[in-house]
Amino acid sequence: LELSTYEKTLGLNDDFNISCEISRGDLPANVAWYKQDEEGNLTPISEVDTVHVVTMGNGGKLLKIYKAKPYMAGSYVCRGRNGYGEDLKTVSVNVLDRGSSANIIKLSEGDPGVNRRLELLCYDDEIDFEENATEWFK
């Protein structure tokens with residue numbers, strides 16, 4: 001098996017594609033992507049709702065991550081099998097939690113005092129500002 005990279009760091013909401021192709025061996029071969037948990041268990045990507053796999057014309061598989069979130073980080077394993085055995089290749093994906101200072105919240109009107117209501121309006125360029133108010137209490 002052949003991967004185009006073995007480690008990738010993504011920013012929040014980045015898209016990422018990585019191909020896993022058969023570099024040698026007898027056909028027919030079965031190629032599949034999995035997500036590996038901390039215990040080493042492999043979950044087929046078809047059961048991971050935020051990541052998708054596309055079959056390529058050469059029998060390889062393309063792993064596609066859309067709008068990366070921190071929970072998508074981890075180890076992704078490509079496994080190729082044929083009648084003579086199997087091969088595994090792993091890519092480590094890291095997702096930065098926040099890549100922009102636009103998400104820093106500043107309290108500009110001083111300390112509201114104990115048991116007083118404080119409303120912080122948080123926004124993201126991709127989310128409607130008015131619909132995402134959060135209440136905090138000191």
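Strand after strand: read along the sequence, this chain runs β-β-β-β-β-β-β-β-β-β-β. That makes eleven strands and zero helices. Keep in mind that this is a predicted model.

Now the pairing. Start with β8, residues 74-82. What does β8 pair with? One partner is β4, residues 30-36. The two strands run antiparallel, and seven bridges link them. For a landmark, find Lys 35. Across from Lys 35, in β8, sits Tyr 76.

Next, β9. This strand covers residues 85-95. β9 also pairs with β8, again in the antiparallel sense. How many bridges are there between β8 and β9? Nine. Here the landmark is Cys 78, whose bridge partner in β9 is Lys 89. And how do you get from β8 to β9? Through a hairpin, with two residues joining the strands.

So put β8 at the centre of your view. β4 pairs with β8 over seven bridges. β9 pairs with β8 over nine.

Step back to the whole chain. It has 138 residues, and 25% of them count as buried. "Buried" here is under 20% relative accessible area. The chain exposes about 9500 Å². Of that area, carbon and sulfur atoms supply 46%.

Last point, contacts. Take the contacts between residues at least 6 apart in sequence. What share of them joins residues at least 24 apart? The figure is 53%.

To look at this yourselves, pick out Lys 35 with Tyr 76. Then move to Cys 78 with Lys 89.

Notes
Residues numbered from 1 in each chain as written. Predicted model: local features only at pLDDT ≥ 70, side-chain atom pairs only at ≥ 80, totals over all residues. Heavy atoms only, no water. Helix = DSSP H or I, 4+ residues; strand = E, 2+ residues; numbered from the N terminus. Buried < 20%, exposed > 50% of the residue type's maximum accessible area, 1.4 Å probe, protein only. Contact = heavy atoms within 4.5 Å. Areas by Shrake-Rupley, 256 points an atom, 1.4 Å probe, with all protein chains shown as cover. Pairing = 2+ DSSP bridges.
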